[in-house]
Amino acid sequence: MTAPWPYPRWIAHRGAGKLAPENTLAAFRLGAQHGYRMFECDAKLSSDGVVFLMHDATLDRTTNGVAALGSSASPTGGDHPWSTLAQLDAGGWHSRAYAGEPLPTLENLARYCIANGFFLNIEIKPTPGHDEATGRAVGALSARLWQGQAVPPLFSSFKPDALAGARATAPHIPRALLLDTLWDGWAAVAQQLDCVAIVCNHALWDAALVTQVHAAGMRALSYTVNDDWAAQRLIDLGTDGIITDRVDLFSPAAGG
Ligand code: G3P
Ligand code: MG
């Protein structure tokens, strides 16, 4: 039996895809301006336990960390305390318009989403070696932040140990297993973790896989879908959610 699904079909990847610096509040605001009501973000832990938003394990692609901290500093974001990470420029790499944009905490984004009635997919993206601890921290924080809200966030992760950690501290917040390949045992792991959804690389979905996932009582979601033909294929297959960079191409208000 498939549980009710409160989330919209269309989900803006990292806030607004590539149109704004990923995983910054400016990006989520831009995604909202394009009509999106649900966002995906990537969450990891600072060295002193603050949950913040960044995709890569290392600082170099999306912050000025190397220049600001010096080349002798650790390149790994999770090796630094939040007091250091909070000083970095996470927007200047993208364009001048966003220079000085800071890294947000998950709490910053939660407050924005809750205040505006937006839905959030929190991808738990641990620094390597910190899977379970990151899941536990994201779970505990989210349980506190969304307490009393009608719709909780949706957790997802490629890392089963991260989802297990989140279940330990926030068993009531729904979980989804992310899959880039259909590795041996994925379905059993998803069931053991009581996952409500599978979020696949969109090319993996076919009719048989959609039937298998739905028969197991789970929803079928896809990342990262940036072409009309691919989105139409997933809708025709009866899948339930689409994560996209192309907030400028796909209009959630148009339905579908
Ligand atoms: O959560 C879906 C998608 O974001 C997973 O891949 O590498 O973009 O975090 P990635
Ligand atoms: Mg992600």
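**A buried metal site and an aromatic cluster**

Glu40 is buried, with a relative accessible area of 3%. This residue makes a convenient entry point into the model, which is a predicted one. Together with Asp42 and Glu123, Glu40 supplies the protein donors of the magnesium ion (ligand 2). The donor atoms are OE of Glu40, OD of Asp42 and OE of Glu123, and they lie 2.0 to 2.2 Å from the ion. Along the sequence, the donor residues follow the spacing E-x1-D-x80-E. Glu40 belongs to strand β2 and Glu123 to strand β4, so this pair ties together parts that are 83 residues apart in sequence. Glu123 has a relative accessibility of 5%, below the 20% limit, and therefore counts as buried.

We turn next to the aromatic side chains. By the ring-centre rule, the count comes to eight aromatic pairs. One of them joins Phe28 and Phe39 in an edge-to-face arrangement, with 5.5 Å centre to centre and 90° between the planes. Phe28 sits in helix α1 (residues 25–33) and Phe39 in strand β2 (residues 38–45), so the contact links parts that are eleven residues apart in sequence. Both Phe28 and Phe39 are buried; for Phe39 the relative accessibility is 0%.

Phe39 also pairs with Phe118, again edge-to-face, at 5.5 Å centre to centre and with 85° between the planes. Here the connection spans further along the chain: Phe39 is in strand β2, whereas Phe118 is in the loop between α4 (106–116) and β4 (119–124), so the pair ties together parts that are 79 residues apart in sequence. Phe118 is likewise buried, at a relative accessible area of 18%. With Tyr112 added, Phe28, Phe39 and Phe118 form one aromatic cluster. Tyr112 has a charged neighbour as well: Arg29 lies over the face of its ring, at 5.5 Å from the ring centre.

Finally, the chain as a whole. Its secondary structure comprises nine helices and nine strands. For 256 residues, a compact globule would have a radius of gyration near 18 Å, and the value for the chain, 18 Å, agrees. Taken along the principal axes, the C-alpha atoms fill a box of roughly 50 × 40 × 35 Å. Buried residues account for 52% of the 256 residues. Of the contacts with a separation of 6 or more, 57% are between residues 24 or more positions apart. The accessible surface comes to about 10,800 Å², and carbon and sulfur atoms contribute 52% of it.

Conventions:
Residues are numbered from 1 along each chain as its sequence is written. Chains are lettered from A and ligands numbered from 1 in the order in which they are written. This is a predicted model: local features need pLDDT of at least 70, side-chain atom pairs count only at pLDDT 80 or more; totals for chains, interfaces and linings use all residues. Side-chain values use heavy atoms; hydrogens and water are left out. Rings of Phe, Tyr and Trp (its six-membered ring) pair if their centres lie within 6.5 Å; planes under 30 degrees apart count as stacked, over 60 as edge-to-face and the rest as tilted. Helices (H or I, at least four residues) and strands (E, at least two) are DSSP runs, numbered from the N terminus. Buried means under 20% relative accessible area, exposed over 50%, partly exposed in between (1.4 Å probe, protein chains only). A charge sits over a ring if NZ of Lys or CZ of Arg is within 6 Å of the ring centre and within 35 degrees of the ring normal. Donors are N, O and S atoms within 2.8 Å of the metal (3.2 Å for Na, K and Ca); water is not among the atoms, so sites may look incomplete. The radius of gyration is taken over C-alpha atoms; the globule rule is 2.2 Å times the number of residues to the power 0.38. Contact means heavy atoms within 4.5 Å. Accessible areas come from the Shrake-Rupley method with a 1.4 Å probe; for residues, only the protein chains shown count as cover.
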